[in-house]
Amino acid sequence: MPVANLKSHVAAAMRLFHVPADNPDLMRAQFNAFSKQVPLLYFILMSNTIAVAYTYVNVAPDWLTMIVPSVLTVLAGLRTYWWLRQRHLVRSDADILRNLRATNWLTLPIGAGFTAWSFALYPYGDPFAKSQVAFYMAVTVIGCIFSLMHLRSAALIVTLIVDVPYVLFFFATGEPTLKAIAVNNLLVSGAMVTVLFIYYRDFADLVASRKSLLAQQAATQALSDENFRLANLDSLTELPNRRRFFAELSSAFADAERRHVRVAVGIIDLDGFKPINDNYGHSVGDRVLIEAGKRIREVCEGFGPQRVEFARLGGDEFGLVVCGDPEDTDLMRLGERIGGQVKLPYQLDTAHTGLSCSIGFALFPDSATTSEALYECADYALYHAKRHQRGRTVIFSSELEAEIRSRGVIENLLRTSDFGAEMELVFQPIVDAVSEHTAGFETLARWNSPRLGWVSPADFIPAAERIGLIRPLTQVLLARALATARTWPDHIRLSFNLSAHDVCAAEGILPLISIIEKSGLSPRRIDFEITETAVTFDFVRAQQSIATLKAMGCGISLDDFGTGYSSLSHVHRLPLDKIKVDRSFVAEINENPVSHKIIKSLAGLCDDMEIACVVEGVETSAQLDSLRRLGCEFIQGYHFAKPMPADAIADYLANERQRLGEPMRAAAGA
Ligand code: C2E
Ligand code: CA
Ligand code: CA
């Protein structure tokens with residue numbers, strides 16, 4: 001056998017007596033199993049030792065029969081105590097290795113010590129006592145090998161350190177009985193060592209397979225955790241998603257119900273997000289959503305003392321759950337902080353910054369008794385904010401509740417109403433600012449409900465939109481308005497309001513076109529008024545509808561300019577003929593320098609773009625004078641006339657002719 005080969009065999013043999021350091025899991029398992037068997041080991045050792053010492057107490061010296069066993073018993077007791085304590089301690093891998101190694105090498109002096117003690121006693125005994133020593137040593141070593149099963153190296157050390165001197169010693173005595181016991185012991189120890197190898201290998205395998213099973217379990221758990229996370233996460237913003245939001249809401253709601261505390265739901269809607277998406281493309285829109293989501297999340301995380309859960313519900317809508325007994329003032333404070341952050345500029349290529357948000361809140365138990373109803377209330381509060389307090393926070397209240405009830409009544413009665421019989425039209429003059437001649441009339445709808453009396457279009461037009469009846473209603477009203485306008489002098493124009501649903505309908509505005517064609521009124525005498533909100537609703541469709549009307553020869557007016565999301569890009573990208581400045585600016589034109597400035601710049605803008613400027617809501621001659629000075633072309637408002645029924649128009653125009661002298665043809669954009 002070559003020397004190198006021999007060396008490697010010796011090294012392998014030596015390794016059997018070491019505690020391997022390369023398998024921490026095995027070490028840990030050994031340590032645990034071992035710590036349970038150590039008391040057994042010491043029990044075998046000490047009870048056998050005491051039995052032998054007892055037999056020799058009268059024949060051998062005291063230091064051998066009393067002192068040495070007492071000291072060994074005390075040491076064994078201490079060591080047992082130390083091991084018992086290990087069961088409750090959490091140890092590092094390095095610690096475990098150190099302790100196992102110490103234990104391993106400790107078996108050497110312990111084994112040698114007990115062997116030497118046995119041999120020292122032997123000469124004092126009679127033949128019976130002598131064979132007791134042989135028996136004691138054989139039984140004890142087998143017991144120890146057995147107890148040290150989990151620490152193979154230690155078991156082997158004990159076997160060698162006891163059995164080799166044992167066989168030599170008893171063969172040297174020449175006693176046939178003792179020699180036979182030595183042979184027996186050797187054979188049984190050999191068998192024990194074989195079992196030890198088999199058992200140790202199985203033990204190591206078991207630890208390894210348990211480890212891989214645990215790893216597999218951990219991997220499966222990680223995968224299912226990840227699936228859960230993804231199923232509850234919005235992929236764009238990485239915020240909790242709609243599903244997560246409703247789960248959070250129902251658990252927070254149940255908790256609040258049980259503890260008799262308040263909980264609030266909030267819905268946030270970004271104002272002016274759609275135009276960003278339409279005008280700058282989806283990738284810019286996505287970035288704005290991510291950034292807005294991040295800012296709102298930061299507000300929520302830093303808010304206290306209430307806990308706020310935040311999620312993206314979809315589109316540009318986000319949801320809040322406010323736990324921890326919030327008051328109205330807490331919700332307003334939260335709303336203001338969120339609004340403040342959303343309004344800050346966004347870093348985009350195009351440097352567009354026009355974004356704000358409206359928020360609706362509803363509180364349990366004040367507003368609703370189920371989490372679904374609570375969400376509905378928050379949604380209505382949001383709707384209210386968007387309509388009347390854009391960019392603000394609205395908390396659902398008893399007034400809003402009453403409003404919902406009356407909305408429901410209006411919707412129900414509108415469903416069964418006979419448009420032909422109950423709807424009427426009134427007409428309000430649009431006057432040339434300089435000549436003061438009527439240039440046209442705006443048609444305004446009135447509903448004379450048999451149950452409710454006169455209902456404002458501000459109430460029933462949105463109701464008709466909600467219940468999907470606006471388009472048939474528009475058709476009835478348009479046909480009637482056109483028929484009325486046919487009776488007017490040729491230079492008088494007709495303005496007709498279209499709703500978002502009219503201009504953004506999937507089937508387009510074909511029904512309206514055929515009504516215009518059938519009416520016999522020249523499309524060149526008609527202006528369609530469309531609000532900014534209607535345009536932003538679906539810009540592409542609105543653009544198509546407007547182009548079609550334009551191609552027929554109709555005029556297009558942008559209504560309520562300045563109230564919605566004022567994107568000048570609409571003015572540039574739509575073929576507009578007129579802009580109607582909302583009456584909210586006129587009311588304070590002489591009192592509020594800001595209003596004055598705004599109208600001035602709008603008039604300038606219209607002038608630059610060669611679009612006519614119509615100012616609504618003019619009630620006083622002072623307002624009229626200011627507007628004239630600013631160069632506004634057309635005026636509409638109670639100063640000239642309130643909306644009037646169709647049959648009052650002829651008299652009105654006759655009076656006007658009388659008042660102003662000979663008729664002057666005011667060319668209203670024709
Ligand atoms: P609008 O198109 O902005 O119409 C102007 C509103 O201001 C009218 O209210 C008119 O009566 C009112 N108004 C006119 N001059 C003055 C003034 O000097 N002072 C004040 N305080 N108010 C003035 P109205 O008739 O209640 O209509 C409200 C809104 O309902 C309209 O706002 C329009 O958006 C909508 N609407 C009315 N008729 C129709 C219709 O036939 N179809 C559609 N889609 N919407 C309509
Ligand atoms: Ca209008
Ligand atoms: Ca208007």
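**Exercise 1. Which helix is the place of W63?**

Solution. Keep in mind that this is a predicted model. Step one: find W63 along the chain; this residue sits in helix α3, which covers residues 62-86. Step two: look at the surface around that tryptophan. W63 belongs to a nonpolar surface patch together with M66, I67, V71, V74, L75 and L78. Step three: put a number on the patch, and you get about 710 Å² of accessible area for these residues together.

**Exercise 2. Work out how many disulfides the structure holds, then check C377 and C554.**

Solution. Start with the chemistry: a disulfide is a covalent bond between the sulfur atoms of two cysteines. Now the count, which is 0. Next, take C377: the closest cysteine sulfur belongs to C323 and lies 18 Å away, so that pair is too far apart for a bond. Then do C554, where the closest cysteine sulfur is in C504, at 17 Å, and again that is too far for a bond. Finish with accessibility. C377 counts as buried because its relative accessibility is 10%, and C554 is buried too, at 2%.

**Exercise 3. Find the cis peptide bonds that lead into P305 and P365, and place both prolines.**

Solution. As background, most peptide bonds are trans. Go to P305 first: the bond joining G304 to P305 is cis, with omega about 0°. P305 itself lies in the loop that runs between α10 (282-301) and β2 (307-314). Move on to P365, which is joined to F364 by a cis bond with omega of about 5°. Its loop is the one between β4 (356-364) and α12 (371-388).

**Exercise 4. Take E436 and E610, each with a positive phi: is each one buried or exposed?**

Solution. Recall that most residues other than glycine have a negative phi. E436 isn't a glycine, yet its phi is positive, about 60°. You'll find E436 in the loop between β6 (423-432) and β7 (438-449). With 18% relative accessibility, E436 falls under the 20% cut-off and so counts as buried. Now E610, another non-glycine with a positive phi of about 60°. E610 sits between α23 (593-609) and β13 (612-615), in the loop. Its relative accessibility is 75%, over the 50% cut-off, so E610 counts as exposed.

**Exercise 5. Describe the surroundings of T563 and Q623.**

Solution. T563 first: look in the loop between β11 (555-561) and α21 (568-573). At 39% relative accessibility, T563 counts as partly exposed. Set aside its neighbours within four places in sequence, and T563 is in contact with R390, E532, D582 and S584. Pick E532 from that set: 31 residues separate E532 from T563 in sequence, while their C-alpha atoms are 8.3 Å apart in space.

Then turn to Q623, which is part of helix α24 (residues 621-630). Q623 counts as buried, given a relative accessibility of 8%. Again leaving out neighbours within four places in sequence, the contacts of Q623 are V586, A587, I589, N590, G617 and V618.

**Exercise 6. Where do the domains run, and what distance separates the C-alpha centres of domain 1 and domain 3?**

Solution. Read off the bounds from the domain assignment: domain 1 is 3-214 and domain 2 is 242-396. Domain 3 comes in two segments, 416-576 and 640-669. For the last step, compare C-alpha centres: those of domain 1 and domain 3 lie 106 Å apart.

Terms used: Residues numbered from 1 in each chain as written. Chains lettered and ligands numbered in written order. Predicted model: local features only at pLDDT ≥ 70, side-chain atom pairs only at ≥ 80, totals over all residues. Heavy atoms only, no water. Helix = DSSP H or I, 4+ residues; strand = E, 2+ residues; numbered from the N terminus. Buried < 20%, exposed > 50% of the residue type's maximum accessible area, 1.4 Å probe, protein only. Contact = heavy atoms within 4.5 Å. Patch = residues over 30% accessible without salt bridge, like charges linked within 9 Å, V, L, I, M, F, W, Y side chains within 5 Å. Areas by Shrake-Rupley, 256 points an atom, 1.4 Å probe, with all protein chains shown as cover. Salt bridge = Lys/Arg side-chain N within 4 Å of Asp/Glu carboxyl O. Disulfide = S-S within 2.5 Å. Domains from an automatic or database assignment.
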